[in-house]
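Biologist: I should like to go through this structure with you, one question at a time. Please explain the reasoning behind each reply.

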Amino acid sequence: IFHFYLDRYSLKNLNHLHYMMDGQKQSCCLFDDTCTGYVEAVLAYAPYSKWRGVIEAFEKLEKDGNLYIPFLYGVFAADSYYGPFQEVERAKNLIQKLIKETKLTVQNVNRDIDISNIETFILEGFSAWILENDCKKAFHFFMEALNQENDIVPDLLRLFICKRAQLMALLGGFNEKIVTPALVLKPLYSDAKYLMGMLAFGHEQKGDFKEAERVAKYEIDFLLSSGETGRVDGWLDHAYAHSLYFQGPSRMHDAKVFLKKRSKTWTRENMCYFLYSHLWWHYALVLLEGGEVDEALRIFDERLWPIDDSSTNFREDVQVQMNAMELLWKLESLNCSELAKPRWHSVISVAKTFIGKRADLLHEVLMLRGLLELGEQQDVEKVMKSIKMLGDREDYTKFQNICDCVIQICSKTTTDTAKEVAREKLKSMRNDWAVVGNSTEQRAVFIELAEASPVICGVAATAIA
């Protein structure tokens with residue numbers, strides 16, 4: 001039963017989240033070292049092995065039949081199941097159980113015990129995301145949780161809620177809202193670890209590149225002046241690289257120098273697979289757009305899709321596959337198909353095992369390009385069949401139309417006239433591209449198709465010329 005450690009049940013020296021009930025401070029749910037470890041691992045993009053602590057603690061209590069499993073253990077376990085470990089049904093079942101059990105009463109207590117507003121909104125947010133795949137609704141609930149006036153909520157919990165709100169805006173494609181949750185926290189925690197990276201990324205996704213650069217550089221300079229030069233904040237690196245990249249070719253060299261310097265700190269030992277491969281993708285992207293094809297390919301073969309790494313689960317990560325396919329797409333746009341083709345074979349052989357499974361919508365688009373380049377028409381049809389099974393929700397219908405355009409443009413059997421018609425249609429759907437979620441530079445693949453041009457710093461090269 002998912003209930004909460006009240007003062008009468010808990011160890012006095014444990015750190016609790018409290019809330020007000022009937023004018024009295026009440027202990028609501030346990031926020032102990034296990035919760036702290038999980039949230040810090042999420043914020044730091046630590047290796048996924050460090051996310052497992054809360055799952056192991058939760059599963060042990062569940063197996064032992066413990067009547068008092070901390071609420072946040074269940075929430076964080078569902079978060080982890082659904083995200084990096086891709087145990088979708090387990091996450092759904094757990095959220096459904098949490099919703100059911102939090103409405104029960106605690107035995108031997110004269111009144112019902114309700115979860116606080118903050119926890120209600122957290123649970124509603126995860127329910128909207130995991131059960132309904134409704135990122136906008138989830139964002140609303142996470143923002144409600146973030147805006148609750150409660151000065152005794154642990155700082156780390158607020159930062160976690162901020163991170164999840166930003167993720168919903170990113171996945172939902174309303175990137176201009178990514179900055180909003182970070183702006184809520186800025187007045188409260190101006191010096192909080194990890195907040196500046198979230199804030200800078202939000203400004204950049206809204207198009208405020210100068211402000212993003214200012215915020216990120218301020219934090220980087222602070223780390224240098226405080227002697228924390230060894231601390232790895234990969235998301236801060238990511239935000240700063242974005243801010244430079246999108247300011248145009250005049251800042252490309254600055255981005256390259258920064259990424260080269262910071263790349264020495266990016267290892268699988270201190271980062272989860274997603275951010276590790278994504279940062280290396282950013283570096284390779286800058287190199288490719290600067291004409292350094294050989295160096296970009298070296299990064300692909302050693303970092304993005306290591307040829308000697310088939311025995312690990314690195315390649316099984318959907319985000320790793322996306323970063324690899326994004327770079328191969330870039331090679332295609334630069335007329336380097338012969339260099340891309342053998343690498344497409346390797347990546348697609350793994351990626352297509354995810355057809356019909358919960359993945360990322362952009363993953364499906366990238367996979368379609370690879371399958372078409374390899375002439376694997378049967379698998380293209382399987383992908384489209386799985387996409388149609390998503391349903392007739394408006395955003396899914398838009399996504400199907402986008403995929404139809406991708407197929408028409410990339411198919412080797414499509415006539416030039418038909419390709420041009422598809423390009424014009426894709427251009428007219430520009431406002432719909434966001435349905436695939438992810439960041440603006442990842443969705444640049446659509447610019448390359450629509451404009452029949454490579455992209456430099458987020459803009460079609462033909463437009464720059």
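Biologist: Is Cys405 buried or exposed?

Modeller: This is a predicted model, and each value here is computed from it. A residue counts as buried when its relative accessible area is under 20%. Cys405 has a relative accessible area of 2%, so Cys405 is buried.

Biologist: Which cysteine sulfur is nearest to that of Cys405, and how many disulfides are there in the count?

Modeller: A disulfide is a covalent bond between the sulfur atoms of two cysteines. The rule applied here asks for sulfur atoms within 2.5 Å. The nearest cysteine sulfur to that of Cys405 belongs to Cys403 and is 9.3 Å away, and Cys405 is in no disulfide. Cys403, which is buried at 0% relative accessibility, is in no disulfide either, and the count of disulfides is zero.

Biologist: Where in the chain is Phe201, and which residues distant in sequence does Phe201 contact?

Modeller: Phe201 belongs to helix H9, residues 195-206, and is buried with a relative accessible area of 2%. Its C-alpha atom is separated by 9.6 Å from that of Gln166, although the two are 35 residues apart along the chain. Leaving aside neighbours within four places in sequence, the residues in contact with Phe201 are Leu170, Ile178, Trp235, His238, Ala239, His242 and Ser439.

Biologist: What percentage of contacts in the chain join residues at least 24 apart?

Modeller: The chain has 465 residues, of which 58% are buried, and it contains 22 helices and four strands. Among contacts between residues at least 6 apart in sequence, the share that joins residues at least 24 apart is 63%.

Biologist: Why are the buried residues of H14 said to line one face of the helix, and which helices do they pack against?

Modeller: The buried residues of helix H14, residues 293-304, are Val293, Ala296, Leu297, Ile299, Phe300 and Leu304. Seen down the axis of H14, these buried residues fall within an arc of 155°, so they line one face. An α-helix has 3.6 residues a turn, so residues three or four places apart point the same way. The buried residues of H14 pack against H13, H15 and H16.

Biologist: How many cavities of 30 Å³ or more does a search of the whole structure find, and which elements give two or more residues to the lining of the largest cavity?

Modeller: The search finds one cavity of 30 Å³ or more, and the volume of the largest cavity is about 80 Å³. Its lining includes Tyr245, Trp281, Glu326 and Lys330, and the lining residues divide into six nonpolar, no polar and five charged. The elements that give two or more residues to this lining are helix H13 (273-289), helix H15 (318-333) and helix H21 (444-451).

Biologist: What is the phi of Tyr45, and what is that of Asn133?

Modeller: Most residues other than glycine have a negative phi, and most peptide bonds are trans. Tyr45 is in the loop between helix H1 and helix H2 and is buried at 11% relative accessibility, whereas Asn133 is in the loop between helix H5 and helix H6 and is partly exposed at 33%. Each has a positive phi: that of Tyr45 is near 50°, and that of Asn133 is near 55°.

How values were computed. Residues are numbered from 1 along each chain as its sequence is written. This is a predicted model: local features need pLDDT of at least 70, side-chain atom pairs count only at pLDDT 80 or more; totals for chains, interfaces and linings use all residues. Side-chain values use heavy atoms; hydrogens and water are left out. On a 1 Å grid over the protein atoms alone, a cavity is a set of points where a 1.4 Å probe fits but cannot get out, and a pocket is an open set with protein on both sides within 12 Å along at least five of seven lines; lining residues have an atom within 4 Å of a point. Grid points are joined across faces, edges and corners, and a volume is the space filled by probe spheres set on the points. Ala, Val, Leu, Ile, Met, Phe, Trp, Tyr, Cys and Pro count as nonpolar, Asp, Glu, Lys and Arg as charged, and the others, Gly among them, as polar. Buried means under 20% relative accessible area, exposed over 50%, partly exposed in between (1.4 Å probe, protein chains only). The arc is that of the directions from the helix axis to the C-beta atoms. Contact means heavy atoms within 4.5 Å.
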